[in-house]
Structure formats: structure tokens, C-alpha cells
Amino acid sequence: MSLPPSEIPLGAIRFNSDSQKLEYWMGSAWMQVSVSAASVAGGRGVFTSRYTPSNNNVLDYIKISSGGTAVDFGDVTSSRSHSSTGSSRTRGIIMGGATPSMLNSVEQIEIATAANATDFGDLTQSRTQSAGASNNTRVVLHGGQTPSNVNTIDFGTIDISRDFVDFGDARANMAVSAPIESPTRAIFVGGEGALENQGHIQFASTGDEVSFGDILGNSGGSLRYARGASNGVRGLAFGGLNPSPSGTNEILQVNIPSLGNAVHFGDMSGYSARSVGGTTGDSIRAVYAGGDNGTDNITNIDMVLFATMGNTVEFGDLTAAGGGINGLSDCHGGLG
């Protein structure tokens, strides 16, 4: 027998057998409990095509919780490098790049199923050397080169295959910043055109990027060509040219909720400089794959633990060495 509303305690929970949903009593009505899957450790990471030094169309993947050699995933539709990425828990998005001609294409993969990429839509502007960031709903593409640096930010809804639309403007005409994200916010660390600071946007609200903070660490206060990964709270920016044009092996950290300065976290072991590799991760670890040390293209995949400041350790190898690579996963920091 149901209690009259006056006798139902505030916050009571019930299962509605008609809707098959949990509900809670908010004082005047029963409201459905909203639930979503948490981002988990140990999902799948996918790495994009790269230069070797010629461009290829390779996609390969790893299981983030276990080290080892990457495995063939499939191909993008044409050979390219310097594409950017974003992903939900199920779908990966690959944006732009150069063949060497600038691309406006957006392609998609289903992360759980190894297969070739397919068409998703088009960007608002053909470009390369951009920074991609996402939560479980939206993917944004920040800045880039046409070949001039631009301040374009456009976005797509990951579950809906169609052309991107305008989001707002970056904090400068800029390219190759390091993207890190939480479910609500994307941060872009450094970048050609705005080397000495960071900026952020809110995924849910279109609008211009807002500048904040400084780039500190050991590296002279400027950064471009770094790559980013996060667990939703701590974001890491790996390597790059810092100060330009000198290369760095430093890993910087940013506290995403507090919009803190970028400060020293550790170094990429075995390299005095490393840039334009592919990064991704889960809630526990960040991985950095491939890249360029200024002389050679790199095969190695290395990793760090978000919770423990320190240097990278060996994880495994890509199926093909290369720079101008990016990464995505079904469990990164933008997914909660």
C-alpha cells in the first residue's frame, strides 16, 4: 500500500516497475534517477595514421591496462598525418590533418570493433595541426593551420554523423596546443601563437576560449607541439618544443578543476626531446606513443600513472613508427 505524500521521507528511493527506472522523492514528486557508466580503467586506446616519414593510413590499438605491442585496427580513408581526435565511450572521431593538402574531413570508428574508418561529415574549415577534445557527447576541434594559424573552434555531436558547426574562437590564432579534458571542460595548454599560457572552454556552452594560468616547470615558460592526456582531474602535457625551437622531454601537469598553472610532473625516459606522438589513457594511466625526437621517428609506447609524479616507463611498441600521430580511447578523462 502506497504512503500518502506527506509521509514519504525526503530522498526516499523506489523502483518503478512500469518504467523500469529508479526514482527518488524530492518532496512533491517522484523523479527518475539519472545514471551513466563510469569511465573505467583498462579500456581500448586507438592511434591514428602518421608520417614514417611518408604519410600512411594506419590505425592501431592497445589495451591500456596491459603493456605490449599494438595491433592493427584498420585504416583511415587516405594516407595522412597530424589528424586530431576525440571520442565517446563507443565512438572515435578523427578530424582533419594533411595529406599533405589540408583536409576538412571528419571520420569515425566504433572503438570496440576493429575496422576501417568511415565518413562522419566535414569541418567548417580545412586544417591540420589542431587540438581535439571531447566528453561523451561533444567533440571540439581547436585552432590549427590552413597553413596560417587560425582561431577557429568548431564542434560535432559524437552520436550524430553530420558536418561540424561553429563553437567560438580560440584565445589567439594558434595551432598544436596540448588538449586535456574533464566531462565539463577542455583545456588547451600552450600552442603556436599562444606559447606561454593556457585556455579553457565549457563543452556544454558554445563561446570563446578564456585564457588562464602560466606554463612553468623546468622548460622556460613556453610550449608547442605537446600532446595531452587526462583522468578528468589531473591533465598531463607531454614533450613538445619548449622553449621553441628546442625540444623537451618534460611532462607538465595541470589541475583541471582549479585551472592551475602547468607545473613539472616528470620526464619521458630515454629521450632528451620528443614531440607529436599520440596520447590517450584511462582513469589510472596515460600512454604516449611514437613521435619524433628531431632525428628519428619513434616506435615506442611509454606510460605514467596519473597519481604518481615521475618519469615514463616502457609500455610496448606501435605497429609502425611515426610522428604526427594522435590517440583516443573509450575511457579517457573527458568521459567521467
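Are Phe-120 and Phe-164 buried or exposed? Both Phe-120 and Phe-164 are buried; buried means under 20% relative accessible area, exposed over 50%, and partly exposed in between, with a 1.4 Å probe and protein chains only. The model is predicted: local features need pLDDT of at least 70, side-chain atom pairs count only at pLDDT 80 or more, and totals for chains, interfaces and linings use all residues. Residues are numbered from 1 along each chain as its sequence is written, and side-chain values use heavy atoms, with hydrogens and water left out.

**View 1. Aromatic pairs.** The whole structure holds 4 aromatic pairs. Rings of Phe, Tyr and Trp (its six-membered ring) pair if their centres lie within 6.5 Å; planes under 30 degrees apart count as stacked, over 60 as edge-to-face and the rest as tilted. Phe-120 and Phe-164 have ring centres 6.3 Å apart and planes at 80°, so this pair is edge-to-face. The pair links distant parts of the chain, 44 residues apart. Phe-120 belongs to strand β10 (residues 118-122), while Phe-164 sits in the loop between β13 (150-157) and β14 (165-174). Helices (H or I, at least four residues) and strands (E, at least two) are DSSP runs, numbered from the N terminus. Phe-155 and Phe-167 form another edge-to-face pair, at 5.7 Å centre to centre and 85° between the planes. Phe-155 is in β13 and Phe-167 in β14, so the pair ties together parts 12 residues apart in sequence. Phe-155 and Phe-167 are both buried.

**View 2. Arginines over tyrosine rings.** A charge sits over a ring if NZ of Lys or CZ of Arg is within 6 Å of the ring centre and within 35 degrees of the ring normal. Arg-44 lies over the face of Tyr-61, 4.0 Å from the ring centre. Arg-274 places its charged end over the ring of Tyr-271, at 4.6 Å from the centre.

**View 3. The largest cavity.** Rolling a probe the size of a water molecule over the atoms shows where empty space is left. On a 1 Å grid over the protein atoms alone, a cavity is a set of points where a 1.4 Å probe fits but cannot get out; lining residues have an atom within 4 Å of a point. Grid points are joined across faces, edges and corners, and a volume is the space filled by probe spheres set on the points. The count comes to 1 cavity of 30 Å³ or more. The volume of the largest cavity is about 260 Å³. Its lining has 26 residues, with Thr-85, Gly-132, Gly-228, Thr-279 and Gly-327 nearest the centre. Strands that each supply at least two lining residues include β7 (84-87), β11 (131-134), β15 (178-181) and β19 (227-230). β23 (278-281) and β27 (327-329) each do so too. By class, the lining has 7 nonpolar, 17 polar and 2 charged residues. Here Ala, Val, Leu, Ile, Met, Phe, Trp, Tyr, Cys and Pro count as nonpolar, Asp, Glu, Lys and Arg as charged, and the others, Gly among them, as polar.

**View 4. Strand β11 and its hairpin.** In a regular strand the side chains alternate between the two faces of the sheet. β11 is covered on both faces: Ala-131 and Ala-133 are buried on one side, Gly-132 and Ser-134 on the other. β11 runs antiparallel to β12 (residues 138-142), joined by 4 bridges. Two strands pair if DSSP finds at least two bridges between them. Ala-131 stands opposite His-142. The two strands form a hairpin with 3 residues between them.

**View 5. Strand β16 between β15 and β17.** In β16 (residues 185-189), 5 of 5 residues are buried. Arg-185, Ile-187 and Val-189 point one way, Ala-186 and Phe-188 the other. β15 and β16 run antiparallel, with 4 bridges. Ile-180 has Ile-187 as its bridge partner. A hairpin with 3 residues between the strands joins β15 and β16. To β17 (residues 197-202), also antiparallel, β16 makes 5 bridges. Val-189 stands opposite Gln-198.

**View 6. Backbone exceptions.** Most residues other than glycine have a negative phi, and most peptide bonds are trans. The Thr-52 to Pro-53 bond is cis, with omega near 15°. Thr-146 to Pro-147 is cis as well, with omega near 25°. Tyr-225 has a positive phi near 65° and is buried at 17% relative accessibility. Val-276 has a positive phi of about 50° and is buried, at 4% relative accessible area.

Technical notes
On a 1 Å grid over the protein atoms alone, a cavity is a set of points where a 1.4 Å probe fits but cannot get out, and a pocket is an open set with protein on both sides within 12 Å along at least five of seven lines; lining residues have an atom within 4 Å of a point.
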